[in-house]
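Okay everyone, let's get started. Please have the viewer open so you can follow along as I talk.

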Amino acid sequence: MSRGVNPGGSREDGLVSGTETQSCCRVLSLEVVLKCQASTTVREALDLLVDWHVSCLVIVLDDKPTGIVTKTDMGRCYLNGISLDSEVGDIAPRTAGIKKIKSTEDRDAAAKFFERNKVHHALVVDEGDGEVGLISALDIVTEVAKDARAWPWNRHEDGKCHPIASR
C-alpha cells in the first residue's frame with residue numbers, strides 16, 4: 001500500500017498543474033492518489049477507504065494502474081459474503097475495467113463520459129495515453145456548483161439568461 005508524495009509536476013494540493021489537464025476539471029495527480037497492490041486484502045482496502053475518506057483506491061502493479069476498487073465494490077463484497085481476507089485484485093476489474101478519459105476533454109465531455117460509461121471514477125490520460133491522474137463524477141459536480149455560484153444568471157425555458165431574484 002502506498003500514498004504517493006508530491007513530486008514535480010503537481011501542486012501542493014495534489015492537483016495536476018499544466019494546461020494539458022486544466023480543461024478536464026479537477027484532476028488529482030496519480031502521485032497523490034491512494035494506491036494499493038492487488039495483493040492487498042479487502043479488510044486493508046476498506047480501512048484505507050475509511051481512514052483517508054476517499055471513495056476509491058487505484059490498484060497498481062509495478063507502479064502502473066491495473067484497476068480501481070471503490071466503496072461500491074466493498075459493499076458488493078459484503079452482500080456476496082466475500083471474506084475480508086480476500087485480495088482486492090480478485091474482486092476489482094483489471095485493466096480492461098479502467099475507464100480512461102483524455103486530459104484535453106472539457107467538463108461537459110467528461111460529464112457525458114461518466115453518464116455514458118456508468119462509472120464514477122476515471123483515469124485521466126495525456127495524448128500519448130500516459131496516466132496523468134484521476135477524476136471523479138463528484139469533481140464535475142463541484143465544478144458545476146462553483147460556476148453556479150460565480151454566475152448569477154439562470155437560463156430559462158425561453159433560452160434567455162435572466163438574473164436570479166435576490167432573497
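Before we look at anything, one bit of vocabulary: a residue is called buried when its relative accessible area is under 20%, exposed when that value is over 50%, and partly exposed in between. Let's try that out straight away. Is Glu127 buried or exposed? Its relative accessibility is 57%, and the exposed class begins over 50%, so Glu127 counts as exposed.

One thing to keep in mind throughout: what you're seeing is a predicted model.

Now the overall picture. How many helices and strands does the chain have? There are six helices and 10 strands. The chain is 167 residues long, and 35% of those residues count as buried. Its accessible surface adds up to about 10300 Å², with 52% of that belonging to carbon and sulfur atoms. And here's something about how the chain folds back on itself: take the contacts with a separation of 6 or more, and 51% of them are between residues 24 or more positions apart.

Okay, back to Glu127. Find the loop between β7, residues 121-125, and β8, residues 131-136, and you'll see Glu127 there. Which residues does Glu127 contact, once we leave aside its neighbours within four places in sequence? Those are Lys102 and Thr104. Thr104 is 23 residues away along the chain, yet the C-alpha atoms of Glu127 and Thr104 are separated by 8.0 Å.

Move along into strand β8 and you reach Glu131. This one is partly exposed, because its relative accessible area is 27%. From the C-alpha of Glu131 to the C-alpha of Ser103 is 9.5 Å, with those positions 28 residues apart along the chain.

Another stop with a partner elsewhere in the chain is Glu31, in the loop between β2, residues 28-29, and β3. Glu31 has a relative accessible area of 39%, so we call it partly exposed. How far apart are the C-alpha atoms of Glu31 and Val132? They're 8.8 Å apart, although the two residues are 101 residues apart along the chain.

And one from a helix: Val144 sits in α6, which covers residues 137-150. With a relative accessible area of 41%, Val144 is partly exposed too. Its C-alpha is 9.6 Å from that of Asp108, and those two are 36 residues apart in sequence.

Now let's do helix packing. In general, you describe two packed helices by the angle between their axes and the distance between the axes. Our pair is α2, residues 42-52, and α3, residues 71-79. The angle between them is about 135°, and their axes are 11 Å apart. That angle makes α2 oblique to α3. As for handedness, α2 passes α3 in a left-handed crossing.

Which residues make that contact? From α2 we have Val42, Ala45, Leu46 and Leu49, and from α3 we have Lys71, Met74 and Cys77. Sort them by type and you get six nonpolar, no polar and one charged.

While you're by α2, look at the loop leading from β3, residues 34-37, to α2, where you'll find Thr41. Is Thr41 buried or exposed? Its relative accessibility is 19%, so Thr41 counts as buried. Setting aside residues up to four places away in sequence, Thr41 touches Leu84, Asp85, Ser86, Glu87 and Val88.

Last topic: backbone angles. Most residues other than glycine have a negative phi. Keep that in mind and look at His53, in the loop between α2 and β4, residues 56-61. His53 isn't a glycine, but its phi is positive, about 55°. His53 also counts as exposed, because its relative accessibility is 70%.

Where is Lys118? Look in the loop between α5, residues 107-117, and β7. Lys118 isn't a glycine either, and its phi is positive at about 55°. With a relative accessible area of 73%, Lys118 is exposed.

That's my tour. Over to you for questions.

Key. Residues are numbered from 1 along each chain as its sequence is written. This is a predicted model: local features need pLDDT of at least 70, side-chain atom pairs count only at pLDDT 80 or more; totals for chains, interfaces and linings use all residues. Side-chain values use heavy atoms; hydrogens and water are left out. Axes are lines fitted to C-alpha atoms, for helices over the stretch in contact, and angles run from 0 to 180 degrees between N-to-C directions. Helices (H or I, at least four residues) and strands (E, at least two) are DSSP runs, numbered from the N terminus. Angles under 35 degrees count as roughly parallel, over 145 as roughly antiparallel, 65 to 115 as roughly perpendicular and the rest as oblique. A crossing is left-handed if the near helix is turned anticlockwise from the far one by less than a right angle, and right-handed if clockwise. Contact means heavy atoms within 4.5 Å. Ala, Val, Leu, Ile, Met, Phe, Trp, Tyr, Cys and Pro count as nonpolar, Asp, Glu, Lys and Arg as charged, and the others, Gly among them, as polar. Buried means under 20% relative accessible area, exposed over 50%, partly exposed in between (1.4 Å probe, protein chains only). Accessible areas come from the Shrake-Rupley method with a 1.4 Å probe; for residues, only the protein chains shown count as cover.
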